[in-house]
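Here's a quick briefing to read alongside the structure. Have the viewer open and follow along.

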Amino acid sequence: MDITRKRTLNQPTDKAEKASTDDDNTATSKSAVFFTLFFTSWIFVIVEKCIKGNWSIIAVPRFPSDVNSYIEIKTFAILTVWFVLQCILYMLPFGGELVDGLQIKESRIRLKYRLNAFFVLTANIIGFLIALLSGIRVTSVFDKLLQMTTSGVLLILLSSIVLYLRGSKSDKTGNGFNDWFNGVELNPRWGLFDLKYVCFRSGIIGWILMNFINIAKAFDNGDKPSVTLLTVAGFQLLYVADYFWFEDGILVSRDIVHEHLGYNLLVQFLMIPFCFAVQTRYLMMTKCELPWYCLLAVIILNLIGYWIYRGSNSEKNNFRKNPNDPQFANYEVIPTLTGKNLLVSGWWGICRHPNYLGDLIISLTYALPTGFSYFLPYLNPLFLFVMLVGRERTDGDECRKRYGEAWETYCHRVKYRIIPYVY
Ligand code: NDP
């Protein structure tokens with residue numbers, strides 16, 4: 001999500017042009033300030049609600065007034081060591097293939113990536129269980145959530161400053177604040193080490209570890225985790241394990257291919273562990289348990305979502321890799337001038353983004369088990385819905401430019417964008 005990027009590499013040639021450029025820079029600086037404050041404070045607000053169990057979205061958060069509640073050297077050190085460990089695990093010469101990413105438009109080169117996210121996730125879970133069984137108080141993260149949040153914000157703040165200083169002068173726009181916020185480099189690297197890729201994966205792994213911590217905390221409290229809590233944590237683990245199992249799909253995602261690494265993207269990665277674990281936190285604290293028949297209905301809905309999500313993504317990916325596969329012998333396709341064909345049969349004949357539909361259903365099944373008393377657990381599905389609707393529009397515009405007439409024919413044949421008969 002690149003909110004304010006505005007390149008002004010060519011110097012303005014006259015006063016009017018310069019004035020307009022200055023106005024643009026001021027406007028982008030204002031939105032950069034707004035989003036910096038908004039994203040950062042949003043994490044703190046969600047964390048405060050999770051700590052206090054203050055679930056109402058309109059209830060004003062009440063933050064502690066002493067500095068020690070926010071900053072602790074030990075917590076900062078633990079988070080830093082954990083992140084360094086993620087960097088080391090990424091660099092291990094095993095656990096996954098070394099593959100080429102997409103060609104980067106700006107540099108015309110293909111970067112290499114180690115696809116070992118599934119291995120790293122497994123290593124983290126095993127490490128967590130070993131720590132738990134050896135009596136280490138892993139649940140102290142739960143009690144230090146505010147310090148953990150501040151540590152995360154400090155880490156991304158320092159990283160974004162280093163990234164800004166590291167960026168070459170020719171890639172900067174001349175507006176320091178915008179460059180720091182949006183990032184200067186697309187893929188900051190030290191050899192094979194890719195900071196953006198590792199930060200993204202670490203955010204997702206952090207989300208799963210937060211869920212494990214929430215489950216462990218239920219045991220700490222002398223209770224057993226509810227079946228509902230375990231089910232939601234299971235859904236999220238399945239989603240992430242699948243995402244990492246098919247990791248080559250991440251290499252073509254927008255964040256990796258198009259977004260520069262600055263505070264903007266880093267803070268969005270930081271939101272994943274702190275804001276996505278809200279549902280398991282809610283279920284752990286409220287001890288809410290769904291009747292078995294409701295839970296069964298949610299499980300069935302999740303599996304339907306997963307079937308659509310995985311089925312449609314695999315169908316398209318396999319078709320792009322090998323259109324002559326016998327699997328597609330009876331599929332109807334629309335040829336395009338680029339030589340690629342568009343599927344009109346199977347999942348991609350039902351709507352133009354069946355994978356988004358599956359993703360939305362899955363996301364809804366994380367929130368439904370929390371009941372309908374509070375809206376907070378529904379913020380993530382809502383956020384995903386808004387994001388995917390926007391993404392579908394952008395992707396549609398890009399496909400129209402790429403495939404022209406053929407895309408129009410496809411849209412005529414497949415009328416619905418994401419939800420058949422609705423949207
Ligand atoms: P998609 O996988 O939806 O790919 C879109 C591309 O598919 C188009 O640009 C086009 O590319 C190709 N395509 C479109 N229609 C057809 C057709 N009929 N036949 C063949 N190819 C077609 O892109 P995303 O990266 O947006 O999504 C990937 C997955 O990641 C999705 O499941 C999405 O839900 C998920 N996601 C999850 C997020 C989360 O936060 N949970 C955030 C973002 C994405 P081309 O023709 O060039 O091959």
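Is lysine 287 buried or exposed? Lysine 287 is exposed, since its relative accessible area is 52% and anything over 50% counts as exposed. Keep in mind that this is a predicted model. The protein chain has 15 helices and six strands, and the notes below go from the whole chain down to single residues.

**The chain as a whole**

- For 423 residues, a compact globule would come out with a radius of gyration near 22 Å; the protein chain has 23 Å, so the two agree.
- Measure-free numbers aside, the C-alpha trace spans about 65 × 60 × 45 Å along its principal axes.
- Of the 423 residues in the protein chain, 49% are buried.
- Take the contacts between residues at least 6 apart in sequence: 75% of them join residues at least 24 apart.
- The exposed area of the protein chain is about 21200 Å², with carbon and sulfur atoms supplying 65% of it.
- On the charge side, there are 42 positive and 35 negative side chains, and the centres of the two sets are 1 Å apart.

**Two helices to check**

- Helix 10 covers residues 263–275, and its 13 residues should span 18 Å at 1.5 Å a residue; the end C-alpha atoms sit 17 Å apart, which agrees.
- Since 13 of the 13 residues of helix 10 are buried, the rest of the structure largely encloses this helix.
- Helix 14 covers residues 379–403, and its 25 residues should span 36 Å at 1.5 Å a residue; with 35 Å between the end C-alpha atoms, that agrees too.
- Buried residues in helix 14 include Leu379, Asn380, Pro381, Leu384 and Leu388. Val389, Glu392, Gly396, Cys399 and Tyr403 are also among the buried ones there.
- Right after helix 14 comes glycine 404, with a positive phi near 50 degrees.

**Positive phi outside glycine**

- As background, most residues other than glycine have a negative phi.
- Lysine 287 isn't a glycine, yet its phi is positive, at about 55 degrees. You'll find lysine 287 in the loop between helix 11 (278–286) and helix 12 (292–321).
- Tyrosine 421 is another non-glycine residue with a positive phi, near 65 degrees. Tyrosine 421 lies in the segment after helix 15 (405–413), and its 71% relative accessibility makes it exposed.

**Buried residues and what they touch**

- Serine 202 sits in helix 7 (residues 195–220). With a relative accessible area of 6%, serine 202 is buried. Setting aside neighbours within four places in sequence, serine 202 is in contact with Trp82, Phe83 and Gln86.
- Threonine 139 is in the loop between helix 3 (117–133) and helix 4 (140–143), and at 3% relative accessibility threonine 139 counts as buried. Beyond its neighbours within four places in sequence, threonine 139 is in contact with Ile213, Ala216, Lys217 and Asp220.
- From threonine 139 to valine 232 the C-alpha distance is 19 Å, for a separation of 93 residues in sequence.
- Tryptophan 348 belongs to the loop between strand 6 (341–343) and helix 13 (354–367). Its 8% relative accessibility puts tryptophan 348 in the buried class, because that class takes in values under 20%.
- Leaving out neighbours within four places in sequence, the contacts of tryptophan 348 include Ser312, Glu315, Lys316, Leu343 and His353. Pro354, Asn355, Tyr410 and Val414 are also among its contacts.
- Tryptophan 348 and isoleucine 215 are 133 residues apart along the chain, with 38 Å between their C-alpha atoms.

**Loop residues with some exposure**

- Asparagine 68 is in the loop between helix 1 (15–52) and helix 2 (73–91), and its 60% relative accessibility makes it exposed.
- The C-alpha atoms of asparagine 68 and proline 326 are 63 Å apart, and 258 residues separate the pair along the chain.
- Proline 291 is in the loop between helix 11 and helix 12. At a relative accessible area of 34%, proline 291 is partly exposed.
- Between proline 291 and alanine 131 the C-alpha separation is 33 Å, at 160 residues apart along the chain.

Methods:
Residues are numbered from 1 along each chain as its sequence is written. This is a predicted model: local features need pLDDT of at least 70, side-chain atom pairs count only at pLDDT 80 or more; totals for chains, interfaces and linings use all residues. Side-chain values use heavy atoms; hydrogens and water are left out. Helices (H or I, at least four residues) and strands (E, at least two) are DSSP runs, numbered from the N terminus. Buried means under 20% relative accessible area, exposed over 50%, partly exposed in between (1.4 Å probe, protein chains only). The expected span of a helix is 1.5 Å times one less than its number of residues. The radius of gyration is taken over C-alpha atoms; the globule rule is 2.2 Å times the number of residues to the power 0.38. Contact means heavy atoms within 4.5 Å. Accessible areas come from the Shrake-Rupley method with a 1.4 Å probe; for residues, only the protein chains shown count as cover. Lys and Arg count as positive and Asp and Glu as negative; His and the chain ends are not counted. The place of a charge is taken as NZ of Lys, CZ of Arg, CG of Asp or CD of Glu.
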